[in-house]
Amino acid sequence: MKTKAKCVVLTGAGISAESGLSTFRDNDGLWANYRIEEVCTPEALARNPQKVIEFYNYRRQEAEKAQPNAGHLALVELEERYEVKIVTQNVDNLHEKAGSSTVLHLHGQLNKLRSSFDEDYVIDWQGDQPLDLCDPQGHPMRPHIVFFGESVPLLDTAIDWVAEADVLIIIGTSMQVYPANTLIQYARPRAEIYFIDPHPQNTGSRAKVIAEKAGVGVLRVVKDLLAKS
C-alpha cells in the first residue's frame, strides 16, 4: 500500500471569515470595537474578568452558529490521498465540524475552558461561561484561549509537524502574528508550499501564491494535489 504524503495546513482568520466570523485585523472586524488590552491579556482578565468572559461568551455564541465553508470541506477531501494535519490560529471548531481528523489549535479553543490556576485542567464547554464557575480546587475558570503575552504551549508540536511535511498549505493569514508566522521557516527545502490569501503578505520566496479567498483558492490547490497524488 502506497504511503500517503504528509500535508500540513496552517489556517488563519481568513478561512473562518467566509463562514461569517469576524477577523482580527479587518477594519470592520470584531476587534475594531475592542482594545486588545481590555479583553485579550492576562492583565485584562485579572482587572475585569466579567468583561473578558462576556467577550468570549459572545465569540462562542457566534462560533457555535457558524458552519464550515467550501475551504474547510476541501481540506477534508484532501485526506483521501494525503496525511493531513491542520495547525490553526483560529479558536472556532469549524475544521472539526467539517470533519478534519487532526487539528491543532495554537491559540486555544472557544469550546473549552481551563482553570486560571492549573492550565492542564481543561473542560469542554458550550454556551455562556458563568462568572462564578470554578475548578475543583475553587480557582476561577477562564476561556481556554492563549492571550497576548502568554506562551503558546503547542508550538513545538506544530514545528515538528511542519518540519516533516511534504506539502505546506497556508490559508487566510497575514503572517504577522508571532510565533505562528515563524512556522514556515521550519519547512523542509523540498517541501511544496502554497499560500492562499486574497491579499497575500510575507509569503516567502518559495511559496506558490494563490491570491484568492479560501473558498476558491483551497479548492484549486486541493484539486491540483489530488491530481498529482
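The dialogue below walks through two sheets, the helices that pack on them and one pocket in a predicted model.

Biologist: Where should I start with the six-stranded sheet, and what is its strand order?

Modeller: A sheet is read by listing its strands in spatial order and then asking how neighbours run. Here the open sheet of six strands has the order β3-β2-β1-β7-β8-β9, and the pairing is parallel. Its edge strands are β3 (103-105) and β9 (208-210), each of which pairs on one side only. Direction ignored, neighbouring strands of this sheet are turned by 15° against each other on average.

Biologist: How many bridges join β8 to β9?

Modeller: Strand β8, residues 192-196, is joined to β9 by three bridges, and the two strands run parallel. To find this pairing in the coordinates, take F195, whose bridge partner in β9 is V209.

Biologist: Which strands does helix α7 touch?

Modeller: For a helix on a sheet, one names the strands in contact and then gives an angle to one of them. Helix α7 (residues 155-164) packs on the sheet and touches β1, β2, β3 and β7, with its direction at about 145° to that of β2. Helix α5 (residues 70-78) lies across β1 (5-11), β2 (82-88) and β7 (167-171), and runs at about 145° to β2.

Biologist: What is the order of the three-stranded sheet, and how do its strands pair?

Modeller: This open sheet has the order β5-β4-β6, with antiparallel pairing. Both β5 (122-124) and β6 stand at the edges with a single partner strand each, so one side of each has no neighbour in the sheet. From one strand to the next, the twist averages 45°. Three bridges join β4 to β5, which run antiparallel, and I123 in β5 is the bridge partner of L113.

Biologist: Which helix lies across β4 and β6?

Modeller: That is helix α4, residues 49-65, which runs at about 140° to β4.

Biologist: Which strands each supply at least two residues of the lining of the second largest pocket?

Modeller: A pocket is best described by its space, its lining and the elements that provide that lining. The second largest pocket holds about 300 Å³ of space, and β4 (108-115) and β6 (141-145) each supply at least two residues of its lining. There are 15 lining residues, of which R114, E119, H144, V146 and P153 lie nearest the centre of the pocket.

Biologist: How do the residues of that lining divide into nonpolar, polar and charged?

Modeller: The lining of the second largest pocket comprises five nonpolar, five polar and five charged residues.

Methods. Residues are numbered from 1 along each chain as its sequence is written. This is a predicted model: local features need pLDDT of at least 70, side-chain atom pairs count only at pLDDT 80 or more; totals for chains, interfaces and linings use all residues. Side-chain values use heavy atoms; hydrogens and water are left out. Two strands pair if DSSP finds at least two bridges between them. Helices (H or I, at least four residues) and strands (E, at least two) are DSSP runs, numbered from the N terminus. Axes are lines fitted to C-alpha atoms, for helices over the stretch in contact, and angles run from 0 to 180 degrees between N-to-C directions. Contact means heavy atoms within 4.5 Å. On a 1 Å grid over the protein atoms alone, a cavity is a set of points where a 1.4 Å probe fits but cannot get out, and a pocket is an open set with protein on both sides within 12 Å along at least five of seven lines; lining residues have an atom within 4 Å of a point. Grid points are joined across faces, edges and corners, and a volume is the space filled by probe spheres set on the points. Ala, Val, Leu, Ile, Met, Phe, Trp, Tyr, Cys and Pro count as nonpolar, Asp, Glu, Lys and Arg as charged, and the others, Gly among them, as polar.
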